[in-house]
Amino acid sequence: MTLSKSFFKVMNSNISHKTFSYNGAEAATALCGDQMHCIITPSAGLKFKDQVAAACEAAGHLAEYFRMVPIFKRYFLSDIANQAALLPQEEQCAVSVIQQPALCGSKVVVWIVMERDADFTLQADGVWADSKGRIIQGDSAVSGSDSAEETRAYLNRFSEALKVRGGNLADHCLRTWFMVHDVDRNYAGVVRGRNEVFAAEGLKEHFIASTGIGGSPAGSLVAFNAVADLSVKPEQVTFIKGATHLNPTIEYGVAFERATAVDYPDFRKVYVSGTASIDNKGQVVAVGDIERQTERMIENIEVLLREAECELTDVMHLLVYLRDIADYEAVDAIFEYRLPGVPRVLLLAPVCRPQWLVETECIAIRRKNEAR
């Protein structure tokens, strides 16, 4: 393992952000205690199969070096129809595969979450569970005539997976992702299906942190992933509003929390939903201006994190979604200035409202024994 000379920086005592270079791949990592998030980017000059091999080799080196095991992987592909079959067919953790081309030029980029001493095992239908009561929903297949029916099927099946283990969506599901083919056409169906299931499940006082974004799954209109924790009690969870800068999502008919903070004995984890350039009236800020939208979006994320008693320096990774490939360099430069070293990938993935040019999600972790 060799450390890239181009970057080595510990942004604060809470998280160590480092970039490692391998033959054919670069791995940006964020380490906090027994948890690590990494974005692995193979060299754009390699063939696809060689990019996959380089990414897998880098992931293996990281796991061995840090003595961790992957608990979740997401492969971002540029052409899922031709590439999905060339990915590893036997994985040891929950996996997500989606066509959201990385704008750095690589045909595949991998986001991986690793932990020390994790013991997740495959249950059924892409569900992985561990001995602590945590559940991760990887990719699975459902049938449906439209995006609303697929969304209902995904949520109802995940709800049943929680119920058979003594949990439920309202109390134990912490984070969801919906990647939607042709988001401008099909996102309304996702919203309708989600709202119907949430109403039936008693989700009225609060919702679930979530991202709904453009992306092409293999063989369906919607891809769904989720994280739940059956050990979590209501008093451990705080729903973050950011009311000075953002409005409640229910005001424009969608049901998700802006962010959710979960307190564990030794750390706080904050799931920040897909966040765009919006104000507390629900209006788009800086229509048509990608630089100002990016700045406002980061400001909104910072407000959410501070309400959760965290900072931008506590961010473990960034998934940045762009509607227009031409905006890549401008947005990447702003992130490099505001959050240098934080693992990130910029993806071609239209946001659910056409006037939003950029959206970002993240996870932040603050260890409780660290001084503020």
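Start by selecting Ile39 and the residues it touches: Glu26, Ala27, Ala28, Val109, Val110, Trp111, Leu319, Pro343, Arg344 and Val345, leaving out anything up to four places away in sequence. Contact here means heavy atoms within 4.5 Å. Before you go further, note that this is a predicted model, in which local features need pLDDT of at least 70, side-chain atom pairs count only at pLDDT 80 or more, and totals for chains, interfaces and linings use all residues. Residues are numbered from 1 along each chain as its sequence is written, and side-chain values use heavy atoms, with hydrogens and water left out.

Now colour residues 35-42, which form strand β4, the home of Ile39. Helices (H or I, at least four residues) and strands (E, at least two) are DSSP runs, numbered from the N terminus. Is Ile39 buried or exposed? Ile39 is buried, as its relative accessible area is 2%. The cut-offs, using a 1.4 Å probe and protein chains only, are under 20% for buried, over 50% for exposed, and partly exposed in between. For a distance to draw, join the C-alpha atoms of Ile39 and Asp229: they are 24 Å apart, with the two positions 190 residues apart along the chain.

Next stop: Thr275, in strand β16 (residues 267-275). Thr275 also counts as buried, at 3% relative accessibility. Show its side chain and you will find it reaching the backbone oxygen of Ser273 at 2.8 Å. Beyond four places in sequence, the residues that Thr275 touches include Leu246, Met297, Ile301 and Val358.

Then move to Gly144, in the loop between β10 (134-137) and α3 (147-163). Gly144 is partly exposed, with a relative accessible area of 32%. Setting aside neighbours within four places in sequence, select Glu149 and Glu150 to see what Gly144 contacts. Leu221 is worth selecting too: its C-alpha atom is 8.9 Å from that of Gly144, although the two are 77 residues apart along the chain.

Finally, zoom out to the whole protein. How many helices and strands are there? The protein has 7 helices and 19 strands. Its C-alpha trace spans about 50 × 45 × 45 Å along the principal axes. Of its 372 residues, 60% count as buried. Among contacts with a separation of 6 or more, 72% are between residues 24 or more positions apart.

Terms used:
A polar contact is a pair of N or O atoms within 3.5 Å; within protein, one must be able to donate a hydrogen and the other to accept it, and residues adjacent in sequence count only if both atoms are side-chain atoms.
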